[in-house]
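User: I am new to this protein and would like a friendly walk through it. Could we take it step by step?

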Amino acid sequence: MSIQQTDVLYTAVATAENGRDGRVATDDGTLDVVVNPPKEMGGSGTGTNPEQLFAAGYSACFQGALGVVARQEKADITGSTVTAKVGIGKNADGFGLIVEISADIPNVDPTTARSLLEKAHQVCPYSKATTGNITVTLT
């Protein structure tokens, strides 16, 4: 479900120069990175790329959602990690993304871990934003 502008608690602002082969920075200066296409796509691969930035944001957001769900379920996720793999490839419209989310949750059994992962996927804002737009697989 969408939020209204009056519901916004924080707005991140980033500006890109030269698209995928330039620089991106936030308005507060906390992020300022060179972006280059990866070698696999003909670039130098010397900087980061939008897919890495998306993977970083998605994994951090998903880890937060996992924490919310774990507190509700009274599950111990101490020491857990979430990894997001973001792939880019050609599709009928030009290019598209695909995501794989995995979590290592050492203090719970595999069945509980899977349940937490699925519930986190339902509450994570990145997951909500990508639903129906890109394929997201939980592993």
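The questions and answers below go from the whole chain to single residues.

User: What is the pattern of helices and strands along the sequence of the protein chain?

Analyst: Happy to help, and please keep in mind that this is a predicted model. The secondary structure of the protein chain comes to three helices and six strands. Read along the sequence, these elements follow the pattern β-β-β-α-β-β-α-α-β.

User: What percentage of the residues in the protein chain is buried?

Analyst: For a sense of scale, the C-alpha atoms fill a box of roughly 45 × 35 × 30 Å along the principal axes. Among contacts between residues at least 6 apart in sequence, 46% join residues at least 24 apart. Of the 139 residues in the protein chain, the buried ones make up 32%.

User: Which strands stand at the edges of the sheet with the order 1-2-3?

Analyst: This is an open sheet of three strands with antiparallel pairing, and its twist averages 20° from one strand to the next. An edge strand here has a single partner strand, so one side of it is left without a neighbour in the sheet. The strands in that position are strand 1 (14-17) and strand 3 (32-35).

User: Which residue stands opposite V24?

Analyst: Start with the pairing of strand 2 (residues 22-26) and strand 3, which is antiparallel and runs over four bridges. Across from V24, in strand 3, is V33.

User: Is D27 buried or exposed?

Analyst: D27 lies in the loop between strand 2 and strand 3. In sequence D27 is 14 residues from V13, while their C-alpha atoms are 5.7 Å apart in space. The relative accessibility of D27 is 62%, and the cut-off for the exposed class is over 50%. D27 therefore counts as exposed.

User: Which strands are at the edges of the sheet with the order 4-5-6?

Analyst: That sheet is also open, with three strands, and its pairing is mixed. Its neighbouring strands are turned by 15° against each other on average, direction ignored. Each edge strand has a single partner, so one of its sides has no neighbour in the sheet. The edge strands are strand 4 and strand 6 (135-138).

User: How many bridges pair strand 4 with strand 5?

Analyst: A hairpin of two residues joins strand 4 to strand 5. Two of the positions facing each other are A84 opposite I101 and N91 opposite G94. Strand 4 (residues 81-91) and strand 5 (residues 94-104) run antiparallel, and their pairing extends over eleven bridges.

User: Which strands does helix 2 touch?

Analyst: Helix 1 lies across strand 4, strand 5 and strand 6, running at about 140° to strand 4. Helix 2 packs on the sheet as well, and its direction makes about 155° with that of strand 6. The strands touched by helix 2 are strand 5 and strand 6.

User: How is helix 1 placed against helix 2: roughly parallel or roughly perpendicular?

Analyst: Two packed helices are described by the angle between their axes and the distance between the axes. Helix 1 (residues 50-73) and helix 2 pack at an angle of about 115°, with their axes 8 Å apart. That angle makes helix 1, relative to helix 2, roughly perpendicular.

User: What is the handedness of the crossing of helix 1 and helix 2?

Analyst: The residues that make the contact include Y58, F62 and A65 of helix 1, and L116, A120 and H121 of helix 2. The crossing of these two helices is right-handed.

User: With which side chain does the side chain of H121 make a polar contact?

Analyst: H121 is found in helix 2 (residues 110-123), and it counts as buried because its relative accessibility is 17%. Not counting residues up to four places away in sequence, H121 touches Y58, F62, S127, V136 and L138. The polar contact of its side chain, at 2.7 Å, is with the side chain of S127.

User: Why does T130 count as buried?

Analyst: T130 is found in helix 3 (residues 125-130), and a polar atom of its side chain lies 3.1 Å from the backbone oxygen of S127. Leaving aside neighbours within four places in sequence, T130 is in contact with F54, Y58 and V136. Buried means under 20% relative accessible area. T130 is buried because its relative accessible area is 8%.

Terms used
Residues are numbered from 1 along each chain as its sequence is written. This is a predicted model: local features need pLDDT of at least 70, side-chain atom pairs count only at pLDDT 80 or more; totals for chains, interfaces and linings use all residues. Side-chain values use heavy atoms; hydrogens and water are left out. Buried means under 20% relative accessible area, exposed over 50%, partly exposed in between (1.4 Å probe, protein chains only). A polar contact is a pair of N or O atoms within 3.5 Å; within protein, one must be able to donate a hydrogen and the other to accept it, and residues adjacent in sequence count only if both atoms are side-chain atoms. Contact means heavy atoms within 4.5 Å. Two strands pair if DSSP finds at least two bridges between them. Axes are lines fitted to C-alpha atoms, for helices over the stretch in contact, and angles run from 0 to 180 degrees between N-to-C directions. Angles under 35 degrees count as roughly parallel, over 145 as roughly antiparallel, 65 to 115 as roughly perpendicular and the rest as oblique. A crossing is left-handed if the near helix is turned anticlockwise from the far one by less than a right angle, and right-handed if clockwise.
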